Amino acid sequence: MHDIFEALELCQAEVDDYQLFKAIIRLASNADVTPYAVDKVFWLIGNGNFYDDPEIGSIGNHKQDFIEFARLELLQE
């Protein structure tokens, strides 16, 4: 998850886990969701294993695709 947050400039490069956690809390607050929800979404993006949905199952790792998509979206704002 560090690499996604760093690539999207949601935290500084090479942060420790505590600083990443603070970034997750900040993002959750801005999105009006729980830090757990933010963590889970980014974990699923990085992992690609939708274990709770047997119809979807594993879609593989699409982390880089997400980073590229999100960067483009953030540039439009």
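A helix here is a DSSP run of H or I with at least four residues, and helices are numbered from the N terminus. With that in hand, select Q19, which lies in helix 2. The model on your screen is predicted.

**The whole chain**

Select the protein chain. How many helices and strands does the protein chain have? There are four helices and two strands. Reading from the N terminus, the order of the elements is α-α-α-β-β-α. The chain has 77 residues, and 26% of them count as buried. Show the surface: the chain exposes about 5700 Å², and carbon and sulfur atoms supply 54% of that area. Among contacts with a separation of 6 or more, 31% are between residues 24 or more positions apart.

Colour the chain by pLDDT. The mean for the chain is 84, and 84% of the residues reach 70 or more. Where is confidence lowest, and where is it highest? Strand 2, residues 57-58, is lowest at a mean of 62, while helix 2 is highest at 93. Where pLDDT is low, the predicted coordinates should not be read in detail.

**Helix 2: Q19 and K22**

Go back to Q19. This residue counts as partly exposed because its relative accessibility is 33%, which falls between the cut-offs of 20% for buried and 50% for exposed. Add H2 to the selection. Q19 and H2 are 17 residues apart in sequence, and their C-alpha atoms are 10.0 Å apart in space.

Now select K22, also found in helix 2. K22 has a relative accessible area of 37%, so it is partly exposed. Draw a line from its C-alpha atom to that of P35: the two residues are 13 apart in sequence and 9.4 Å apart in space.

**Helix 3: P35 and onwards**

Stay on P35, which is placed in helix 3. P35 is partly exposed, because its relative accessibility is 32%. Which residues does P35 contact, leaving aside neighbours within four places in sequence? They are I24, I25 and A28. A second line can be drawn to F21, 14 residues away along the chain; the C-alpha atoms of P35 and F21 are separated by 8.4 Å.

Select the whole of helix 3, residues 35-47. With 13 residues at 1.5 Å each, helix 3 should span 18 Å, and its end C-alpha atoms are 18 Å apart, so the two values agree. The expected value is taken as 1.5 Å times one less than the number of residues. The buried residues of helix 3 are V38, F42, L44, I45 and G46. Move one step past the helix to G48, which follows helix 3 and has a positive phi near 75 degrees.

**Two loop residues with positive phi**

Select E14 and D32. E14 is in the loop between helix 1 (2-7) and helix 2 (17-31). Its phi is positive, about 55 degrees, although E14 is not a glycine. Is E14 buried or exposed? E14 is exposed, because its relative accessible area is 75%, over the 50% cut-off.

D32 sits in the loop between helix 2 and helix 3. D32 is not a glycine either, and its phi is positive at about 60 degrees. With a relative accessible area of 70%, D32 is exposed.

**The nonpolar core**

Select I4, F5, C11, L20 and V38. In the largest nonpolar core, which has 15 residues, these five touch the most other members. Helix 1, helix 2, helix 3 and helix 4 each supply at least two residues of this core. Helix 2 gives the largest share, four residues.

Keep F5 and show what surrounds it. Leaving aside neighbours within four places in sequence, F5 is in contact with L10, C11, L20, A23, I24, L27, V38 and F42.

**Helix 4: K63**

Finish at K63, in helix 4, residues 63-76. Why does K63 count as buried? Its relative accessible area is 19%, and buried means under 20%. Select D3 as well: the side chains of K63 and D3 make a polar contact at 2.9 Å. Not counting residues up to four places away in sequence, K63 touches D3, I4, I45 and G46. Two of these have appeared on the tour as buried residues of helix 3, namely I45 and G46, and I4 was named among the residues of the core.

Definitions and conventions. Residues numbered from 1 in each chain as written. Predicted model: local features only at pLDDT ≥ 70, side-chain atom pairs only at ≥ 80, totals over all residues. Heavy atoms only, no water. Buried < 20%, exposed > 50% of the residue type's maximum accessible area, 1.4 Å probe, protein only. Contact = heavy atoms within 4.5 Å. Areas by Shrake-Rupley, 256 points an atom, 1.4 Å probe, with all protein chains shown as cover. Polar contact = N/O pair within 3.5 Å; in protein donor to acceptor, adjacent residues only side chain to side chain. Core = buried A, V, L, I, M, F, W, Y, C linked by side-chain atoms within 4.5 Å. pLDDT = per-residue confidence, 0-100.
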